[in-house]
Amino acid sequence: MVCDRCKMAVESTLLSVGLKPLEVELGKVSIEGTVDEERRRKLSEKLENLGFHLLESRRERTVEAIKTAIRALVRYPADKEPPNLSTYVSQQLNLEYSTLSKVFSEITGTTIERYYIFQRIERVKELIDDDELTLSQIAQKLHYSSVAYLSNQFRGVVHMTPSEYRESKESRRKSIDEL
């Protein structure tokens, strides 16, 4: 869940199956009491109809926590030196990076590093689409060492340069669940 509407939809769904939500956040819901199997099934069905997925296994929850940590890292303040990816993810989940990396790769079919790159590129696209910053400012904001490095990584993922992307008119951004 990324937007307030998503949170409201999930909260409404919880209420519709007789559950009282205490907190609804990105990838995490806290409810009052316990959930019997029938309510869990109904909740899962209703969430699936909305395009959400109830994370049942511990491994799925771990992967979602990794994704949440990476999305936060991509938006790390521009005026602070960002932490190393593996150190950051490991600290956020309080688990060894090698364990997290293995689980993530098995569940998603990609590496944590590759997911991080995709998230950074989606953020670059967002900033280009906003048309308020130069490419140099975007590179600085997202902690790229140079515009050339950003451009090379962008071209590797999007198959066009940031300038070509800016000039194109097609809808190009991916939704968060496509990454």
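Hi everyone, let me start with helix 8, whose buried residues pack against helix 6 (112-130), helix 7 (135-141) and helix 9 (162-167). By buried I mean under 20% relative accessible area, with exposed being over 50% and partly exposed in between, using a 1.4 Å probe and protein chains only. Helices (H or I, at least four residues) and strands (E, at least two) are DSSP runs, numbered from the N terminus.

A quick word on the source. This is a predicted model, where local features need pLDDT of at least 70 and side-chain atom pairs count only at pLDDT 80 or more, while totals for chains, interfaces and linings use all residues. Residues are numbered from 1 along each chain as its sequence is written, and side-chain values use heavy atoms, with hydrogens and water left out.

How confident is the predictor? pLDDT is its confidence in each residue, from 0 to 100. For the protein chain the mean pLDDT is 87, with 92% of residues at 70 or more. Among the elements, helix 8 (residues 147-158) has the highest mean, 96, and strand 2 (residues 28-32) the lowest, 80.

Now the overall picture. The protein chain has nine helices and two strands, and along the sequence they run α-β-β-α-α-α-α-α-α-α-α. Its C-alpha atoms fill a box of roughly 55 × 40 × 30 Å along the principal axes. Of the 179 residues, 36% count as buried. Contact here means heavy atoms within 4.5 Å. Among contacts in the protein chain with a separation of 6 or more, 50% are between residues 24 or more positions apart.

Back to helix 8. Its twelve residues reach 16 Å from first C-alpha to last, close to the 16 Å expected at 1.5 Å a residue; that expected span is 1.5 Å times one less than the number of residues. Which residues of helix 8 are buried? They are L150, S151, Q153, F154 and V158. Just after the helix comes H159, with a positive phi near 70 degrees.

V147 also belongs to helix 8. Is V147 buried or partly exposed? With a relative accessible area of 28%, V147 is partly exposed. Leaving out residues up to four places away in sequence, V147 touches L135, S136 and A139. The C-alpha atoms of V147 and S136 are 5.8 Å apart, although these residues are eleven apart in sequence.

Let's move to helix 5 (residues 97-108). Twelve residues at 1.5 Å each should span 16 Å, and the end C-alpha atoms of helix 5 are indeed 16 Å apart. Buried in helix 5 are Y97, L100, S101, V103 and F104. Their cover includes helix 3 (58-74), helix 4 (85-93) and helix 6. G109 follows helix 5, and its phi is positive too, near 80 degrees.

From the helix 3 side, have a look at T62, which lies in that helix. T62 counts as buried because its relative accessibility is 15%. Setting aside neighbours within four places in sequence, T62 is in contact with L93, L100 and V103.

That brings us to the cores. A nonpolar core is a set of buried Ala, Val, Leu, Ile, Met, Phe, Trp, Tyr and Cys residues joined through side-chain atoms within 4.5 Å. In the largest one, with 17 residues, I66, I70, L85, V89 and I112 touch the most other members. Helix 3, helix 4, helix 5 and helix 6 are the elements that give two or more residues to this core, and helix 3 gives the most, six. A second, separate core has 15 residues, among them L135, A139, L142 and F154.

Last stop: aromatic pairs. Rings of Phe, Tyr and Trp (its six-membered ring) pair if their centres lie within 6.5 Å; planes under 30 degrees apart are stacked, over 60 edge-to-face, and the rest tilted. How many aromatic pairs does a search of the whole structure find? It finds three. For F104 and Y115, the ring centres are 5.7 Å apart and the planes sit at 65 degrees, so this pair is edge-to-face. The pair links distant parts of the chain, with F104 in helix 5 and Y115 in helix 6, eleven residues apart. Both F104 and Y115 are buried.

Thanks for listening!

Key:
pLDDT = per-residue confidence, 0-100.
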